[in-house]
Amino acid sequence: MKKLYFKYGNGKTADLCQTAYNYREGGAKIVVMNADGNQTIASHVETNGKKILTLEPNAPINEYLFGQGFAFKTQNVDAILVDNAHMLTENHIEQFFYLCKTFGITVITYGNRLNKLGETPKASMRLMELSDTIEPVDGEDSFAYRANLQFYYGAMNASKTAKLLYKAFELEQKGLKVITIKPSIDRSATMISSRIGLERKADIVINPSDRLYGYGEYFAKEHVNFILVDEAQFLSAIQIDDLAKINHDFNIPVRCYGLKTDFLTHHFEGSGKLLAIADLKKLRTICHCIERNGAEFNARRYKNGEYITEGSQVAVDDGKEIAYDSLCDRCYITDVQGYEIDKPEKVLKKLMDKGIVKC
Ligand SMILES: [Zn+2]
(Lines give C-alpha, C1' and ligand atoms only; values in the text may rest on other atoms or scores of the structure.)
Protein backbone atom coordinates (compact mmCIF):
# COMPACT_ATOMS: atom_id res chain seq x y z
CA MET A 1 0.00 0.00 0.00
CA LYS A 2 1.06 3.59 -0.51
CA LYS A 3 2.59 5.43 2.41
CA LEU A 4 1.73 8.34 4.61
CA TYR A 5 4.77 10.41 5.60
CA PHE A 6 5.34 12.97 8.33
CA LYS A 7 8.38 15.17 7.87
CA TYR A 8 9.51 17.67 10.48
CA GLY A 9 12.45 19.92 11.24
CA ASN A 10 14.27 22.70 9.46
CA GLY A 11 13.83 23.34 5.76
CA LYS A 12 10.38 21.78 5.38
CA THR A 13 9.04 24.11 2.73
CA ALA A 14 12.23 24.01 0.72
CA ASP A 15 12.04 20.20 0.81
CA LEU A 16 8.39 20.28 -0.23
CA CYS A 17 9.18 22.51 -3.22
CA GLN A 18 12.14 20.34 -4.16
CA THR A 19 10.10 17.14 -3.86
CA ALA A 20 7.34 18.65 -6.03
CA TYR A 21 9.95 19.61 -8.60
CA ASN A 22 11.45 16.10 -8.56
CA TYR A 23 8.07 14.41 -8.94
CA ARG A 24 7.10 16.65 -11.88
CA GLU A 25 10.51 16.24 -13.47
CA GLY A 26 9.95 12.50 -13.35
CA GLY A 27 6.59 12.89 -15.10
CA ALA A 28 4.51 12.25 -11.98
CA LYS A 29 1.29 14.05 -11.22
CA ILE A 30 1.10 15.77 -7.84
CA VAL A 31 -1.36 17.73 -5.79
CA VAL A 32 -0.13 20.45 -3.42
CA MET A 33 -2.10 21.57 -0.40
CA ASN A 34 -1.40 24.16 2.28
CA ALA A 35 -3.03 23.89 5.68
CA ASP A 36 -2.48 27.53 6.59
CA GLY A 37 -4.75 28.58 3.71
CA ASN A 38 -2.17 30.82 2.02
CA GLN A 39 -2.25 31.02 -1.74
CA THR A 40 1.48 30.60 -2.12
CA ILE A 41 3.89 28.22 -0.43
CA ALA A 42 7.24 29.98 -0.19
CA SER A 43 10.46 28.71 1.34
CA HIS A 44 12.57 31.06 3.45
CA VAL A 45 15.60 29.97 1.45
CA GLU A 46 16.80 32.79 -0.78
CA THR A 47 19.23 32.97 -3.67
CA ASN A 48 20.69 36.40 -4.40
CA GLY A 49 17.95 37.96 -2.25
CA LYS A 50 15.16 36.25 -4.22
CA LYS A 51 12.80 33.57 -2.98
CA ILE A 52 12.94 31.04 -5.77
CA LEU A 53 11.29 28.09 -4.09
CA THR A 54 7.58 28.80 -4.33
CA LEU A 55 4.51 26.72 -5.20
CA GLU A 56 0.82 27.37 -5.74
CA PRO A 57 -1.49 24.94 -3.90
CA ASN A 58 -3.83 23.31 -6.41
CA ALA A 59 -6.45 21.64 -4.21
CA PRO A 60 -8.33 22.75 -1.10
CA ILE A 61 -8.31 21.13 2.31
CA ASN A 62 -11.91 20.74 3.40
CA GLU A 63 -14.22 18.42 5.33
CA TYR A 64 -14.73 16.37 2.15
CA LEU A 65 -11.03 15.73 1.67
CA PHE A 66 -11.36 11.96 1.26
CA GLY A 67 -14.03 12.48 -1.43
CA GLN A 68 -11.52 14.37 -3.58
CA GLY A 69 -9.77 11.02 -3.95
CA PHE A 70 -12.23 9.94 -6.66
CA ALA A 71 -11.15 12.87 -8.86
CA PHE A 72 -7.47 12.40 -7.99
CA LYS A 73 -7.73 8.76 -9.03
CA THR A 74 -9.26 9.67 -12.41
CA GLN A 75 -6.50 12.24 -12.91
CA ASN A 76 -3.85 9.64 -12.01
CA VAL A 77 -2.44 11.67 -9.14
CA ASP A 78 0.67 9.99 -7.73
CA ALA A 79 1.30 12.03 -4.61
CA ILE A 80 -0.15 14.73 -2.39
CA LEU A 81 2.20 17.16 -0.65
CA VAL A 82 0.83 19.02 2.37
CA ASP A 83 2.49 22.04 3.97
CA ASN A 84 1.86 23.23 7.55
CA ALA A 85 0.26 19.90 8.42
CA HIS A 86 0.39 20.70 12.15
CA MET A 87 -2.48 23.12 11.47
CA LEU A 88 -4.83 20.40 10.24
CA THR A 89 -7.60 18.84 12.34
CA GLU A 90 -7.48 15.22 13.46
CA ASN A 91 -10.38 14.53 11.08
CA HIS A 92 -8.24 15.79 8.21
CA ILE A 93 -5.47 13.40 9.24
CA GLU A 94 -7.86 10.43 9.32
CA GLN A 95 -9.05 11.42 5.85
CA PHE A 96 -5.51 11.70 4.48
CA PHE A 97 -4.71 8.27 5.91
CA TYR A 98 -7.67 6.51 4.28
CA LEU A 99 -7.28 8.54 1.07
CA CYS A 100 -3.70 7.31 0.82
CA LYS A 101 -4.56 3.67 1.50
CA THR A 102 -7.85 3.49 -0.47
CA PHE A 103 -6.87 5.36 -3.63
CA GLY A 104 -3.22 4.35 -3.62
CA ILE A 105 -1.82 7.87 -3.47
CA THR A 106 1.35 8.72 -1.52
CA VAL A 107 0.72 11.50 1.00
CA ILE A 108 3.71 13.48 2.28
CA THR A 109 2.94 15.89 5.10
CA TYR A 110 5.27 18.55 6.51
CA GLY A 111 4.77 19.95 9.98
CA ASN A 112 6.14 20.84 13.40
CA ARG A 113 6.48 18.32 16.22
CA LEU A 114 6.29 21.06 18.82
CA ASN A 115 4.60 24.45 18.87
CA LYS A 116 6.06 27.59 20.45
CA LEU A 117 4.79 26.50 23.88
CA GLY A 118 6.64 23.20 23.61
CA GLU A 119 3.43 21.20 23.09
CA THR A 120 2.74 18.75 20.29
CA PRO A 121 -0.10 19.89 18.03
CA LYS A 122 -2.89 17.28 17.91
CA ALA A 123 -2.56 16.96 14.15
CA SER A 124 1.16 16.26 14.36
CA MET A 125 0.62 13.58 17.00
CA ARG A 126 -2.10 11.90 14.93
CA LEU A 127 0.16 12.04 11.88
CA MET A 128 2.99 10.38 13.78
CA GLU A 129 0.62 7.70 15.06
CA LEU A 130 -0.58 6.83 11.57
CA SER A 131 2.47 7.52 9.40
CA ASP A 132 4.62 4.73 8.02
CA THR A 133 7.57 7.08 7.95
CA ILE A 134 8.42 9.85 10.40
CA GLU A 135 11.64 11.64 9.63
CA PRO A 136 13.54 14.89 9.95
CA VAL A 137 13.64 16.76 6.64
CA ASP A 138 17.41 17.19 6.79
CA GLY A 139 17.96 13.59 7.91
CA GLU A 140 19.94 14.78 10.92
CA ASP A 141 19.65 13.74 14.53
CA SER A 142 18.91 16.71 16.78
CA PHE A 143 22.19 16.63 18.67
CA ALA A 144 24.58 15.14 16.16
CA TYR A 145 27.48 16.72 18.04
CA ARG A 146 26.79 15.02 21.37
CA ALA A 147 24.87 12.28 23.14
CA ASN A 148 21.24 12.19 22.12
CA LEU A 149 17.93 10.82 23.29
CA GLN A 150 16.71 8.18 20.89
CA PHE A 151 13.44 6.31 20.53
CA TYR A 152 13.65 2.93 18.82
CA TYR A 153 10.03 2.17 18.13
CA GLY A 154 8.15 -0.58 16.41
CA ALA A 155 5.08 -2.76 16.51
CA MET A 156 4.80 -5.87 18.65
CA ASN A 157 7.38 -8.55 17.80
CA ALA A 158 9.85 -6.07 16.33
CA SER A 159 12.36 -7.64 18.74
CA LYS A 160 12.82 -4.36 20.58
CA THR A 161 13.85 -6.00 23.84
CA ALA A 162 16.22 -8.42 22.13
CA LYS A 163 17.88 -5.44 20.43
CA LEU A 164 18.18 -3.64 23.76
CA LEU A 165 19.79 -6.69 25.36
CA TYR A 166 22.11 -7.16 22.44
CA LYS A 167 23.11 -3.49 22.61
CA ALA A 168 23.86 -3.80 26.33
CA PHE A 169 26.00 -6.86 25.66
CA GLU A 170 27.86 -5.15 22.83
CA LEU A 171 28.58 -2.01 24.90
CA GLU A 172 29.78 -4.00 27.90
CA GLN A 173 32.07 -6.05 25.66
CA LYS A 174 33.75 -2.75 24.85
CA GLY A 175 34.19 -2.05 28.54
CA LEU A 176 31.45 0.58 28.73
CA LYS A 177 29.12 0.99 31.68
CA VAL A 178 25.44 0.44 30.93
CA ILE A 179 22.37 1.12 33.06
CA THR A 180 19.11 -0.60 32.13
CA ILE A 181 15.74 0.75 33.19
CA LYS A 182 12.27 -0.72 32.92
CA PRO A 183 8.80 0.26 34.14
CA SER A 184 7.17 -1.92 36.79
CA ILE A 185 3.98 -2.20 34.71
CA ASP A 186 5.47 -4.93 32.53
CA ARG A 187 4.92 -8.67 32.99
CA SER A 188 8.01 -9.64 34.90
CA ALA A 189 8.93 -7.64 37.98
CA THR A 190 12.65 -7.10 37.57
CA MET A 191 13.78 -8.98 34.48
CA ILE A 192 14.11 -7.57 30.99
CA SER A 193 13.15 -10.57 28.89
CA SER A 194 12.84 -11.02 25.16
CA ARG A 195 10.60 -13.57 23.52
CA ILE A 196 13.53 -15.49 22.10
CA GLY A 197 14.94 -16.17 25.57
CA LEU A 198 17.55 -13.47 26.12
CA GLU A 199 17.21 -11.79 29.48
CA ARG A 200 18.94 -9.72 32.13
CA LYS A 201 18.03 -8.11 35.41
CA ALA A 202 17.02 -4.47 35.13
CA ASP A 203 19.25 -2.11 37.12
CA ILE A 204 16.34 0.19 37.89
CA VAL A 205 12.64 -0.70 37.95
CA ILE A 206 10.48 2.41 38.07
CA ASN A 207 6.96 2.87 39.34
CA PRO A 208 4.54 5.23 37.59
CA SER A 209 5.09 8.11 40.03
CA ASP A 210 8.88 7.77 40.44
CA ARG A 211 11.11 10.60 39.30
CA LEU A 212 14.31 9.83 37.42
CA TYR A 213 16.27 13.06 37.30
CA GLY A 214 17.71 12.40 40.77
CA TYR A 215 19.71 9.50 39.34
CA GLY A 216 21.62 11.85 37.04
CA GLU A 217 24.38 12.80 39.45
CA TYR A 218 24.84 9.20 40.53
CA PHE A 219 25.12 8.10 36.88
CA ALA A 220 27.73 10.77 36.27
CA LYS A 221 29.71 9.84 39.38
CA GLU A 222 29.61 6.16 38.40
CA HIS A 223 30.75 7.05 34.86
CA VAL A 224 27.70 5.50 33.21
CA ASN A 225 28.22 5.53 29.45
CA PHE A 226 24.80 4.46 28.24
CA ILE A 227 21.22 4.33 29.51
CA LEU A 228 18.91 1.76 27.92
CA VAL A 229 15.16 1.82 28.63
CA ASP A 230 12.83 -1.09 27.92
CA GLU A 231 9.05 -0.72 27.34
CA ALA A 232 9.51 3.05 27.27
CA GLN A 233 5.93 3.60 26.12
CA PHE A 234 4.82 2.89 29.68
CA LEU A 235 6.88 5.72 31.19
CA SER A 236 5.12 8.96 32.07
CA ALA A 237 5.79 12.13 30.12
CA ILE A 238 7.54 13.52 33.21
CA GLN A 239 9.83 10.49 33.37
CA ILE A 240 10.74 10.93 29.70
CA ASP A 241 11.43 14.58 30.43
CA ASP A 242 13.68 13.51 33.32
CA LEU A 243 15.62 11.22 30.96
CA ALA A 244 15.91 14.05 28.43
CA LYS A 245 17.33 16.31 31.16
CA ILE A 246 19.79 13.64 32.33
CA ASN A 247 20.83 13.20 28.71
CA HIS A 248 21.28 16.94 28.32
CA ASP A 249 22.85 17.87 31.66
CA PHE A 250 25.19 14.89 32.05
CA ASN A 251 25.77 14.17 28.36
CA ILE A 252 24.84 10.49 28.67
CA PRO A 253 23.20 8.86 25.63
CA VAL A 254 19.72 7.54 26.39
CA ARG A 255 18.18 4.92 24.14
CA CYS A 256 14.52 4.08 24.69
CA TYR A 257 12.84 1.06 23.13
CA GLY A 258 9.08 0.70 22.91
CA LEU A 259 5.81 0.55 21.10
CA LYS A 260 4.70 3.58 19.13
CA THR A 261 0.96 2.97 19.47
CA ASP A 262 -1.64 0.85 21.24
CA PHE A 263 -4.18 -1.57 19.74
CA LEU A 264 -6.34 1.38 18.59
CA THR A 265 -3.47 3.27 16.88
CA HIS A 266 -3.08 5.83 19.67
CA HIS A 267 0.17 6.71 21.42
CA PHE A 268 0.96 5.82 25.01
CA GLU A 269 2.01 8.60 27.34
CA GLY A 270 5.69 7.70 27.11
CA SER A 271 5.76 7.08 23.38
CA GLY A 272 3.86 10.33 22.73
CA LYS A 273 6.49 12.33 24.59
CA LEU A 274 9.30 10.48 22.81
CA LEU A 275 7.72 11.03 19.40
CA ALA A 276 7.66 14.74 20.21
CA ILE A 277 11.26 15.18 21.36
CA ALA A 278 13.48 12.17 20.62
CA ASP A 279 15.44 11.17 17.56
CA LEU A 280 13.35 8.44 16.02
CA LYS A 281 14.47 5.08 14.68
CA LYS A 282 11.96 2.61 13.35
CA LEU A 283 12.39 -1.10 13.96
CA ARG A 284 10.63 -3.22 11.38
CA THR A 285 8.76 -6.45 11.68
CA ILE A 286 6.54 -8.54 9.43
CA CYS A 287 2.80 -9.11 9.27
CA HIS A 288 1.43 -12.65 9.05
CA CYS A 289 0.43 -11.90 5.43
CA ILE A 290 4.13 -11.17 4.73
CA GLU A 291 3.11 -7.93 3.02
CA ARG A 292 6.26 -6.21 1.88
CA ASN A 293 5.60 -3.01 3.85
CA GLY A 294 5.89 -4.81 7.15
CA ALA A 295 3.72 -4.47 10.24
CA GLU A 296 2.74 -1.01 11.46
CA PHE A 297 -0.10 -1.59 13.86
CA ASN A 298 -0.88 -3.69 16.92
CA ALA A 299 -4.12 -5.60 17.14
CA ARG A 300 -5.54 -7.06 20.34
CA ARG A 301 -7.47 -10.28 20.02
CA TYR A 302 -9.02 -13.08 22.00
CA LYS A 303 -7.24 -16.39 21.86
CA ASN A 304 -9.96 -17.61 19.46
CA GLY A 305 -8.76 -15.05 16.92
CA GLU A 306 -11.52 -12.45 17.25
CA TYR A 307 -10.15 -8.89 17.20
CA ILE A 308 -10.96 -6.53 20.06
CA THR A 309 -11.69 -2.89 19.20
CA GLU A 310 -12.46 -1.40 22.58
CA GLY A 311 -11.11 -1.61 26.09
CA SER A 312 -8.39 -0.16 28.25
CA GLN A 313 -5.12 0.93 26.68
CA VAL A 314 -3.01 -1.52 28.62
CA ALA A 315 -3.91 -5.19 28.85
CA VAL A 316 -0.86 -7.37 29.13
CA ASP A 317 -0.81 -10.61 27.19
CA ASP A 318 -1.30 -13.08 30.04
CA GLY A 319 -1.03 -16.14 27.84
CA LYS A 320 -4.66 -17.06 28.59
CA GLU A 321 -7.29 -14.74 27.14
CA ILE A 322 -5.62 -11.94 25.25
CA ALA A 323 -3.04 -11.98 22.52
CA TYR A 324 -1.57 -9.40 20.16
CA ASP A 325 -0.79 -9.44 16.46
CA SER A 326 1.43 -7.00 14.64
CA LEU A 327 -0.30 -6.20 11.38
CA CYS A 328 0.45 -4.32 8.17
CA ASP A 329 -1.75 -1.38 7.16
CA ARG A 330 -3.93 -3.49 4.86
CA CYS A 331 -4.60 -6.24 7.39
CA TYR A 332 -5.29 -3.73 10.18
CA ILE A 333 -7.65 -1.56 8.12
CA THR A 334 -9.60 -4.49 6.66
CA ASP A 335 -9.52 -7.19 9.35
CA VAL A 336 -9.59 -5.07 12.52
CA GLN A 337 -11.29 -1.84 11.46
CA GLY A 338 -13.59 -3.52 8.94
CA TYR A 339 -13.10 -1.22 5.95
CA GLU A 340 -13.56 -2.67 2.45
CA ILE A 341 -10.47 -0.88 1.31
CA ASP A 342 -10.84 -1.92 -2.34
CA LYS A 343 -14.28 -0.30 -2.55
CA PRO A 344 -13.79 3.47 -2.16
CA GLU A 345 -17.56 4.20 -2.08
CA LYS A 346 -17.95 1.93 0.93
CA VAL A 347 -14.98 3.49 2.68
CA LEU A 348 -16.50 6.93 2.04
CA LYS A 349 -19.84 5.81 3.48
CA LYS A 350 -18.19 4.42 6.60
CA LEU A 351 -16.13 7.59 7.10
CA MET A 352 -19.31 9.67 6.72
CA ASP A 353 -21.17 7.47 9.21
CA LYS A 354 -18.34 8.06 11.67
CA GLY A 355 -18.55 11.81 11.08
CA ILE A 356 -14.97 11.96 9.79
CA VAL A 357 -16.02 13.06 6.28
CA LYS A 358 -18.68 15.73 5.93
CA CYS A 359 -20.38 16.90 2.75
ZN1 LIG B 1 -0.75 -7.97 6.52
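This is a short talk on one sheet and one helix pair in the structure above.

Okay, hi everyone. One thing up front: what you see is a predicted model.

Let's begin with the sheet. How many strands form it, and in what order? Five strands, in the order S2-S7-S8-S1-S9, and the sheet is open. The pairing is parallel. As a general reminder, strands in a sheet pair through backbone hydrogen bonds, and they can do that parallel or antiparallel.

Now, which strands stand at the edges? That's S2, residues 30–34, and S9, residues 133–136. Each has a single partner strand, so one side of each is left without a neighbour in the sheet. As for twist, you get an average of 15° going from one strand to the next.

Let's walk in from the S2 edge. S2 pairs with S7, residues 79–83, in the parallel sense, and there are five bridges between them. If you want to find that pairing on screen, click on Val 32: its bridge partner in S7 is Leu 81.

Next step, S7 to S8. These two also run parallel, joined by four bridges. Here you can look for Ala 79, whose bridge partner in S8 is Thr 106.

Then comes S8 with S1. Again it's four bridges, and again the strands run parallel. The pair to pick out is Leu 4, which stands opposite Val 107 in S8.

Let's stay on S8 for a moment. Is this strand mostly covered or mostly open? Mostly covered: four of its five residues are buried. There's also a helix to show you here. H3, residues 90–103, lies across S1, which is 4–8, and S8, which is 106–110. Relative to S8, H3 runs at about 150°.

Right, on to the helix pair. In general, you describe two packed helices by the angle between their axes and the distance between those axes. For H7, residues 237–250, and H8, residues 269–277, the angle is about 40° and the axes are 8 Å apart. Oblique covers angles that are not under 35 degrees, over 145, or 65 to 115, so H7 is oblique to H8. And the handedness? H7 and H8 make a right-handed crossing.

So which residues meet there? From H7 you have Ala 237, Ile 240, Asp 241 and Ala 244. On the H8 side they meet Glu 269, Gly 270, Lys 273, Leu 274 and Ile 277. Sorted by class, this contact has five nonpolar residues, three charged and one polar.

That's it from me, thanks!

Key: Residues numbered from 1 in each chain as written. Predicted model: local features only at pLDDT ≥ 70, side-chain atom pairs only at ≥ 80, totals over all residues. Pairing = 2+ DSSP bridges. Axes fitted to C-alpha atoms, helices over the stretch in contact; angles between N-to-C directions. Contact = placed C-beta atoms within 7 Å. Left-handed = near helix turned anticlockwise from the far one by under 90°. Nonpolar A, V, L, I, M, F, W, Y, C, P; charged D, E, K, R; others polar. Buried ≥ 20, exposed ≤ 12 C-beta atoms within 10 Å, placed from the backbone.
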